[in-house]
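Hi,

Here is the structure I said I would pass on. Have a look at it first, and my notes follow underneath.

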Amino acid sequence: MSPRATRRLLLVAGLVAALGVSPVSPIHVYTQREVYGTVGSSVTLSCSFWSSEWISEDISITWHFQAEGSRDSISIFHFAKGQPYIDDVGTFKERMEWAGNPRRRDGSIVIHGLEPSDNGTFTCDVKNPPDIVGKSSQVTLYVLEKVPPRYGVVLGSVIGGALLLVAALVALAYGSRYCWRRRQAALQRRLSAMEKGKLQRSGKDGSKRSRQAPVLYAMLDHGRSAKKAKGGAGDSRKDRK
């Protein structure tokens, strides 16, 4: 900041202090962006605000309405001097209710018996002197046709049937997968048992072969000794002759 701008800022601050005027911060107003309702029902248009000043007796809250497709905006509600006032202009005069509390920084209203002509933009504006600078906030209301009960029942039945079908398909898939896993486990157990049986049979065959070998050798030796004995007897007979 340049020295000249600094001197100007100090001069302005000195004048403000000399006059006893405190700087005013802007007031902030908040609403929903969109609200939906059905024909014949009620809807609450919420409006809250923040102010750096204490809530004064001169606080004012104003609601305006601009119908869908229209360029004109009309005042439909006003709060001032602690009293709510519903304007006689428009179709809301017998269907509107004050639901706010300025002490709680609430400027909400309720509209009863919604009609298709209520589609449009509602604007909430708050002034809390000396805090009067700030932007208003807007909310768009969409009024939908009420669904007849019979169509609601049919729609509910269709949705319920679809959900049951999905649940049945999921259960079927889960059951099939469970059965497949059980068959795989049983097959694996059978294969393991067969492998064990083969190993056991091969072990038994090996033991039998190992046992039969000495017997064969003993029989061969016995046959050789018998032949030798016969040969010795024949030789002795020849010598005698």
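Cys-179 is partly exposed, because its relative accessibility is 39% and the cut-off for buried is under 20%. Keep in mind that this is a predicted model, so please read everything below in that light.

The other cysteines I want to show you are a bonded pair. By the distance rule used here, the count comes to one disulfide, and Cys-47 and Cys-124 are the two that form it, with their sulfur atoms 2.0 Å apart. The link joins distant parts of the chain: Cys-47 sits in strand β4 (residues 47-50) and Cys-124 in strand β10, 77 residues apart. The torsion about their S-S bond is about -75 degrees, so this disulfide is left-handed. Both Cys-47 and Cys-124 are buried. As a reminder, a disulfide is a covalent bond between the sulfur atoms of two cysteines.

How far should you trust the model? The mean pLDDT of the protein chain is 78, and 68% of its residues reach 70 or more. Residues 9-22 have pLDDT below 50, and beyond near neighbours in sequence that stretch has two contacts in the model. I would leave that part out of your figures.Now the sheets. Six strands form an open sheet in the order β2-β12-β10-β5-β6-β7, with mixed pairing. At its edges stand β2 (34-38) and β7, each with a single partner strand, so one side of each has no neighbour in the sheet. From one strand to the next, the twist averages 20 degrees.

Within that sheet, β5 (residues 60-67) and β6 (residues 74-80) pair in the antiparallel sense over six bridges. If you want to find the register on screen, Ile-61 stands opposite Phe-79 in β6, and the bridge partner of Thr-62 is His-78. The two strands form a hairpin with six residues between them, and Gly-69 in the turn has a positive phi of about 85 degrees.

The next hairpin along is that of β6 and β7, with two residues between the strands. Here Lys-81 takes a positive phi, near 55 degrees. The pairing of β6 and β7 is again antiparallel, over four bridges, and Ala-80 has Gln-83 in β7 as its bridge partner.

There is also an open sheet of three strands, in the order β4-β1-β11, and its pairing is mixed. The edge strands are β4 and β11, each pairing on one side only. Strand β1 (residues 27-31) runs parallel to β11 in their pairing, which covers two bridges, and Ile-27 stands opposite Gly-134 in β11. Strand β4 is also where Cys-47 of the disulfide is found.

Two loop residues are worth a look as well.

Which backbone oxygen does the side chain of Asn-128 reach? It is that of Trp-54, at 3.1 Å. Asn-128 lies in the loop between β10 (120-127) and β11 (134-135), and it counts as buried because its relative accessibility is 0%. Leaving aside neighbours within four places in sequence, Asn-128 is in contact with Ile-27, Ser-51, Glu-53, Trp-54, Ile-55, Ser-56 and Ile-59. Ile-27 in that list is the residue that stands opposite Gly-134.

The other is Arg-95, in the loop between β7 (83-86) and β8 (96-98). Is Arg-95 buried or exposed? At 12% relative accessibility, Arg-95 counts as buried. Its side chain has a polar atom 2.8 Å from the backbone oxygen of Gly-113, and the backbone oxygen of Thr-91 lies 3.1 Å from a polar atom of that side chain. Not counting residues up to four places away in sequence, Arg-95 touches Val-110, Ile-111, His-112, Gly-113, Leu-114, Glu-115 and Asp-118. For one of these, Leu-114, the C-alpha to C-alpha distance from Arg-95 is 8.4 Å, with their positions 19 residues apart in sequence.

That is what I have for now. Write back if any of it is unclear.

Best wishes

Terms used
Residues are numbered from 1 along each chain as its sequence is written. This is a predicted model: local features need pLDDT of at least 70, side-chain atom pairs count only at pLDDT 80 or more; totals for chains, interfaces and linings use all residues. Side-chain values use heavy atoms; hydrogens and water are left out. Buried means under 20% relative accessible area, exposed over 50%, partly exposed in between (1.4 Å probe, protein chains only). Contact means heavy atoms within 4.5 Å. A polar contact is a pair of N or O atoms within 3.5 Å; within protein, one must be able to donate a hydrogen and the other to accept it, and residues adjacent in sequence count only if both atoms are side-chain atoms. A disulfide is a pair of cysteine sulfur atoms within 2.5 Å. Two strands pair if DSSP finds at least two bridges between them. Axes are lines fitted to C-alpha atoms, for helices over the stretch in contact, and angles run from 0 to 180 degrees between N-to-C directions. pLDDT is the predictor's confidence in each residue, from 0 to 100.
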